[in-house]
Amino acid sequence: MYRIFVEELGRYINFVDRTVEIEKLLEIARRGTVFPLVIYGPEGCGKTALLRYIVKEVSCWDGYDVLYIDALEQFDVEKALFSTYGEIVRLVEDLLSIPIGSTLARIVMTLVSRLGKRVSLAGKKILIVIDDVYRAIGLNDIDRYTKSLYEWIGYLHERYDVKCVAIIMTTSEGISKRFLARHTYVSVEMLWNLPRDGFKELVEQLKPPHGVDIDVLWRLTGGNPRALIEIARFEWNIDKWMGVVYENRVRRAIHVVGREKLRRVIENPDSDWKTAEELEDMGLMIELRRIAVVGKAPNPDPELGIGKDWAWQLPVYKLIIEKHLSHD
């Protein structure tokens, strides 16, 4: 049983209900990637937890070398970097600067190349995971950085005779996903929130007090693990949590995006692509790629704000905006 420490709650929880996603990513690690794989999805849907699980599993396989970088970690090398080569931190100490995670993401090719000069990588299988990379390196470098990684896969085969290489990255940036989808040297796939059964299992682990309705939690979060954990952190006070969500995430959209535009995408998420893209850039909506999916794509659900091509990242965003517009 894989357990995750939730800093917001100061406790461990069990990893739940990602069987299909785990099988797919482990198979990718086994056979390698021709193109870097970028996984996107709603903020808080569990991308980091899933990849940490994959890293843990693959690091136990014979003949595999694993490198994991948390590109958003600023100060702690041990949090920012994990490798099956324990000496790798000493290898790069002279290359590191603050923020550490961003620096590691930028020099990952140099890092593995230096390693290849110290130890033999011939016949090895290599998994490289870089979490939230584009937010860390900046949107201006998306194209160049990703193409360099693609070219580097071939270089590792030619220069170091590795058996296979798998590169997996994540992003929560809507703009980066749109940029990348235009290119042929990268694969972009979507990860969605937890399904209903997995969400229920997570709720039961968090042990809400009597009277907290799982159906209400589902209609507010749509199965998003981080949103559920935030509600638990607010001691299951849903009104207080929704107030914070309004202040931190939704208020700007209500004042910046036109009322009629908001009404259209509340009624039908697919009705106005331009507005949906604007809201995606604000972290409120997300484009659905139903063919390229890690796991399963969500079924259209008007109550949760899920359409065929677009969805609200959390149903609560739609509900809050709808409530404010009704007072106009």
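Here are some numbered notes on this structure, which is a predicted model.

1. Let's start with helix α1. It covers residues 19–31, so to speak a stretch of 13 residues, and its first and last C-alpha atoms lie 19 Å apart, close to the 18 Å expected at 1.5 Å a residue. Right after the helix comes Gly32, a residue with a positive phi, near 85°.

2. Which residues of α1 are buried? They are Glu21, Ile22, Leu25, Leu26, Ile28 and Ala29. These buried residues take up an arc of only 155° around the axis, and therefore sit on the same side of α1. Turn to the other side of α1 and you will find Glu23 and Arg31, which are exposed. As for the cover over the buried residues of α1, it includes the strands β3 (37–40), β4 (64–70), β6 (125–131) and β7 (164–171), together with helix α2 (47–58).

3. Strand β6 deserves a look of its own. Seven of its seven residues are buried, so β6 is largely enclosed by the rest of the structure. In a regular strand, side chains alternate between the two faces of the sheet. Both faces of β6 are covered: one side holds Lys125, Leu127, Val129 and Asp131, the other holds Ile126, Ile128 and Ile130, and all of these are buried. Notice that the list includes Lys125 and Asp131.

4. Next, the partners of β6. With β4, strand β6 pairs in the parallel sense over seven bridges; here Ile69 has Ile130 of β6 as its bridge partner. With β7, the pairing of β6 is again parallel, over six bridges. One example to find on screen is Ile128, whose bridge partner in β7 is Ile167.

5. A contrast comes from β1 and β2, which pair in the antiparallel sense over four bridges. For Arg3, the bridge partner in β2 is Asn14. The two strands form a hairpin with four residues between them, and Gly10 in the turn has a positive phi of about 65°.

6. Now for the empty spaces. Rolling a probe the size of a water molecule over the atoms shows where such space is left. The largest pocket has a volume of about 1400 Å³. It is lined by 38 residues, and those closest to its centre are Ile4, Phe5, Thr48, Ala49 and Arg52. Two or more lining residues come from each of β1 (3–6), β2 (11–14), α2, β4 and α12 (225–233). Which element gives the most to this lining? That is α2, with six residues.

7. How many cavities of 30 Å³ or more does a search of the whole structure find? The search finds one. The largest cavity has a volume of about 90 Å³. Eleven residues line it, and Asp65, Leu67, Val112, Leu115 and Ile126 are the ones nearest its centre. The elements giving two or more residues to this lining are β4, α6 (108–118) and β6, with β4 supplying the largest share, three residues.

8. Helix α11 (residues 214–221) is another helix to inspect; its buried residues are Leu217, Trp218, Leu220 and Thr221. Viewed down the axis of α11, they fall within an arc of 165°, so they line one face of the helix. Among the elements that cover them are α10 (196–206), α12, α13 (238–256) and α16.

9. Leu314 sits in the loop between β10 (310–312) and α16 (315–325). Is this residue buried or exposed? Leu314 is buried, because its relative accessible area is 7% and buried means under 20%. Setting aside neighbours within four places in sequence, Leu314 is in contact with Leu220, Thr221, Asn224, Ala227 and Leu284. Two of these names, Leu220 and Thr221, also appear among the buried residues of α11. The C-alpha atoms of Leu314 and Leu304 are 7.8 Å apart, while along the chain the two are ten residues apart.

10. Last, find Glu280 in helix α15 (residues 273–281). Glu280 is buried, with a relative accessible area of 4%. Beyond its neighbours within four places in sequence, Glu280 is in contact with Gly174, Lys177, Arg178, Met285, Ile286, Glu287 and Trp310.

Note on methods
Residues numbered from 1 in each chain as written. Predicted model: local features only at pLDDT ≥ 70, side-chain atom pairs only at ≥ 80, totals over all residues. Heavy atoms only, no water. Expected span 1.5 Å × (residues − 1). Buried < 20%, exposed > 50% of the residue type's maximum accessible area, 1.4 Å probe, protein only. Arc of directions from axis to C-beta. Contact = heavy atoms within 4.5 Å. Pairing = 2+ DSSP bridges. 1 Å grid on protein atoms, 1.4 Å probe; cavity = no way out; pocket = protein on both sides within 12 Å on 5 of 7 lines; lining within 4 Å. Points joined across faces, edges and corners; volume = space filled by probe spheres on them.
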